[in-house]
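User: Could you take a close look at one part for me, the second largest cavity? I'd like to know how much space it holds and what lines it.

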Amino acid sequence: MISALSKVTLLAASTLLLGACAQSPTGRSQMLLFSPQQMNQLGADSFNQMKQQEKVSKDAKLNAYVSCVAKAVTAQVPSSYGISNWEVVVFDSKQVNAFALPGGKIGVYSGLLNVAKNQDQLATVIGHELTHVLAQHSNERLSRDQLTGLGLAVADAALGSSQGSGAAMAALGLGVQVGVSLPYGREQESEADRLGLDLMARAGFNPAEAIPLWQNMGQAAGGKTPPALLSTHPSNESRISELSAELATATPLYQQARAAGLTPQCKR
Ligand SMILES: [Zn+2]
C-alpha cells in the first residue's frame, strides 16, 4: 500500500518527468509542478478570502484612480497569457502593500499610495506584481517548496483538499495575513522589476519614476511601520542600479507608447 506521502512524492516526480520544465519570459528555466487551473483556483480562493478578511475600500475616487492605472497596465498584457478579466480591489488599510494573484486578481492597499506618490509610481508596483503572475512565480515557489518537503500542506490546499485556505494564501505569498512569509527569490524579483518596468512603459507610464518609488520604499523601511511589501518582495542593493540599466529598454517603449496616443491621466 502506498502512503499518502509517497503518493504526493510520486505525483511530484511524475509531473516533473512529464515536462514540468518551463521557461520564464527572460529564458530562465523553471520547474512548475502545478497546472494553470490549480494555480488559478488557488488565486480565486485566496482573493475571496482576502475580501472577507480585509476592509474593502468604498472610496469612489480612490477606486477610480487605482482602476485607471491598473486597466492601462493590464491592457498591455499580451492575449497569449489568456487572462481577459482582471479584477482590481482596493483595501482600506495603512499597510504599504499590493499583490497580484494567478487568474488575474490585483489587490492594492490604500497605504501604498503614501509611498507610490503618483500614477507612474503606482504603475511601477502594478507592473511588478503583474509580472510575478505572468512569469508564474507562485507556481515556481510552490513547486520548490513541494520538492523540499516544506510545501505538503500548501500543496494539499492547492490540490483541493480541506487544509484550509490559510495555507492557500501562504502559498501565494500573502504571508503577512497568515503569519508565514514566503518571499520571492532574488531572480524572480529582478525579473519582476525588469519586465514590470517594460510593461508599464508600454502603457505610457514614465519608467523613470521607478527610481524614486523604490527610494521612497527604502525610506519607509526605516520608519515605524516598514512596508509589508518588502517582506515578500525582498529588496537588494543592486535594485536601483538594475532598474536604471533597464531604463535603456523601457524609455523607448514609453516614448513609442506616448507617440501612439497612450497618455494615461489617472487622477487621485
Ligand atoms: Zn516582487
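Analyst: About 30 Å³ of space lies in the second largest cavity of this predicted model. A cavity here is a set of points, on a 1 Å grid over the protein atoms alone, where a 1.4 Å probe fits but cannot get out. Points are joined across faces, edges and corners, and the volume is the space filled by probe spheres set on them. With 30 Å³ or more as the bar, the count is two cavities.

Who's around it? Glu 189, Ser 190, Asp 193, Pro 234, Asn 236, Arg 239 and Glu 242 do the lining, each with an atom within 4 Å of a point. Two elements give two or more residues to that lining: helix H9 (186–202) and helix H12 (239–259). H9 gives the most, with three residues. Helices are DSSP runs of H or I, at least four residues, numbered from the N terminus.

Sorted by class, the lining has four charged residues, two polar and one nonpolar. Asp, Glu, Lys and Arg count as charged; Ala, Val, Leu, Ile, Met, Phe, Trp, Tyr, Cys and Pro as nonpolar; the others, Gly among them, as polar.

Some bookkeeping: residues are numbered from 1 along each chain as its sequence is written, and side-chain values use heavy atoms, with hydrogens and water left out. As the model is predicted, local features need pLDDT of at least 70 and side-chain atom pairs count only at pLDDT 80 or more, while totals for chains, interfaces and linings use all residues.

Technical notes
On a 1 Å grid over the protein atoms alone, a cavity is a set of points where a 1.4 Å probe fits but cannot get out, and a pocket is an open set with protein on both sides within 12 Å along at least five of seven lines; lining residues have an atom within 4 Å of a point.
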